[in-house]
Amino acid sequence: MSLFINAGGLPGLVKYDIHDENEVYSYAQDVLNTALVKDIILKHKIRNVPFLFNLVSFLADSTGKPVSATSISNYMKGQKSPVSIELVLKYLKYLCDAYIVTEVPRFDIRGKKLLQSNSKYYFEDNGIRNSCVETNRDRDIEKVIESIIYHQLIHDGYKVNVGQLLAGEVDFVCVKDKQRVYIQASYIIGNDETRKREFGALKGIADNYPKYVISMTPLVTRTDDEGIQHISLREFLKNGL
């Protein structure tokens, strides 16, 4: 499991030593750079190449966090490299069209409608994402787990959005065959504070649709906590919800 979380699932990894982090990330960077050059820079005649690479790094560091074109534009101004909101939107679309990242809009659970700003962006492969983050990858494991869960849900046929509550957020609102489910992603639920945070967000939703917490908490396979299913990440990847 840890190898998949760190290295991702690119097919070409079979030719490399998957235990060698430098080798794995060097290969992931080669794949990313090829896609950026062929599918974006040459195809769209990109002029601001440095910003494109900075945008990829920004999204890698912001995986699992709501971002907007405005926030990215403001960040670049702070880096003394101003870019317009229109350019940010254009480059984000190019990255999505090239299957480097995917955009996940927010869904207002109370108002039952999609929101037009502050989407989340997940990399199509977590190995590529990890290769773009130079330091402190350990602190990002919850972001990577969230991304893995998102892609498995898509693979399993769900339509997935980020859930927005009046105060707070639920990681995913998923719909399949007109059945809605709510999912909270976590790394390890090791104390009451973490449990209250992860389960409390779901308990605050006043409807009877199924609710799940997915984590890597040791010894957990599938348990029930006041109607909320707690599933291990391994169990979820093997058998689904």
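Let me start with helix H4 and helix H5, where Ala 69, Thr 70, Ile 72 and Ser 73 in H4 meet Ile 85, Val 88, Leu 89 and Leu 92 in H5. If you sort the residues of this contact by character, you find six nonpolar, two polar and no charged. I should say at once that we are looking at a predicted model, so please keep that in mind for everything that follows.

How are two packed helices described? We use the angle between their axes and the distance between the axes. For H4, which covers residues 69-78, and H5, the angle is about 115 degrees, and the axes are 9 Å apart. Angles from 65 to 115 degrees count as roughly perpendicular, and H4 and H5 are therefore roughly perpendicular to each other. The crossing of these two helices, H4 and H5, is right-handed.

Between H4 and H5 there is a loop, and Lys 80 lies in it. This lysine has a positive phi, near 65 degrees, although Lys 80 is a residue other than glycine. Is Lys 80 buried or exposed? With a relative accessibility of 73%, Lys 80 counts as exposed, because the cut-off for that word is anything over 50%.

Now please stay with H5, residues 85-97, and turn to its other partner in this talk, helix H3, which spans residues 49-61. Here the packing angle is about 70 degrees and the axes are 11 Å apart, which makes H3 roughly perpendicular to H5. The residues that meet are Phe 51, Leu 52, Leu 55, Val 56 and Leu 59 on the H3 side, and Leu 87, Val 88, Tyr 91, Leu 92 and Leu 95 on the H5 side. In this contact of H3 with H5 the residues divide into ten nonpolar, no polar and no charged. If you look back at the lists, you will notice that Val 88 and Leu 92 of H5 are named in the contact with H3, and that Val 88 and Leu 92 are named again in the contact with H4.

Just as a loop joins H4 and H5, there is a loop between helix H2, residues 21-41, and H3, and Lys 45 lies there. Lys 45 has a positive phi of about 55 degrees although it is not a glycine, and with a relative accessible area of 68% it is exposed.

Let me move from helices to strands, beginning with strand E1, residues 101-104, and strand E4. These two run antiparallel and are joined by four bridges. Which residue of E4 is the bridge partner of Glu 103? The partner is Tyr 121. It helps to recall that in a regular strand the side chains alternate between the two faces of the sheet. In E4, residues 120-123, Lys 120 and Tyr 122 are on one side while Tyr 121 and Phe 123 are on the other, and all four of these residues are buried, with both faces of the strand covered.

Further along the chain we come to helix H7, residues 141-155, in which His 155 lies. His 155 is exposed, with a relative accessible area of 65%, and its C-alpha atom is separated by 21 Å from that of Gly 12, which is 143 residues away along the chain.

After H7 comes the loop that leads to strand E5, and Gly 157 lies in that loop. With a relative accessible area of 44%, Gly 157 is partly exposed. Leaving aside its neighbours within four places in sequence, Gly 157 is in contact with Val 175 and Lys 176. Lys 176 is 19 residues from Gly 157 along the chain, yet their C-alpha atoms are separated by 6.6 Å.

Strand E5, residues 159-165, is joined by six bridges to strand E6, residues 168-176, and the two run antiparallel. Within this pair, Leu 165 has Gly 168 in E6 as its bridge partner. E6 also pairs with E7 in the antiparallel sense, over five bridges, and here Val 173 has Tyr 182 in E7 as its partner. E6 and E7 form a hairpin with two residues between them, and Asp 177 in the turn has a positive phi of about 55 degrees.

Finally, Gly 190 sits in the loop between strand E7, residues 179-185, and helix H8, residues 192-203. Gly 190 is exposed, with a relative accessible area of 64%, and its C-alpha atom is separated by 7.3 Å from that of Thr 217, which is 27 residues away along the chain.

Conventions
Residues numbered from 1 in each chain as written. Predicted model: local features only at pLDDT ≥ 70, side-chain atom pairs only at ≥ 80, totals over all residues. Heavy atoms only, no water. Buried < 20%, exposed > 50% of the residue type's maximum accessible area, 1.4 Å probe, protein only. Pairing = 2+ DSSP bridges. Axes fitted to C-alpha atoms, helices over the stretch in contact; angles between N-to-C directions. Parallel < 35°, antiparallel > 145°, perpendicular 65-115°, else oblique. Contact = heavy atoms within 4.5 Å. Nonpolar A, V, L, I, M, F, W, Y, C, P; charged D, E, K, R; others polar. Left-handed = near helix turned anticlockwise from the far one by under 90°.
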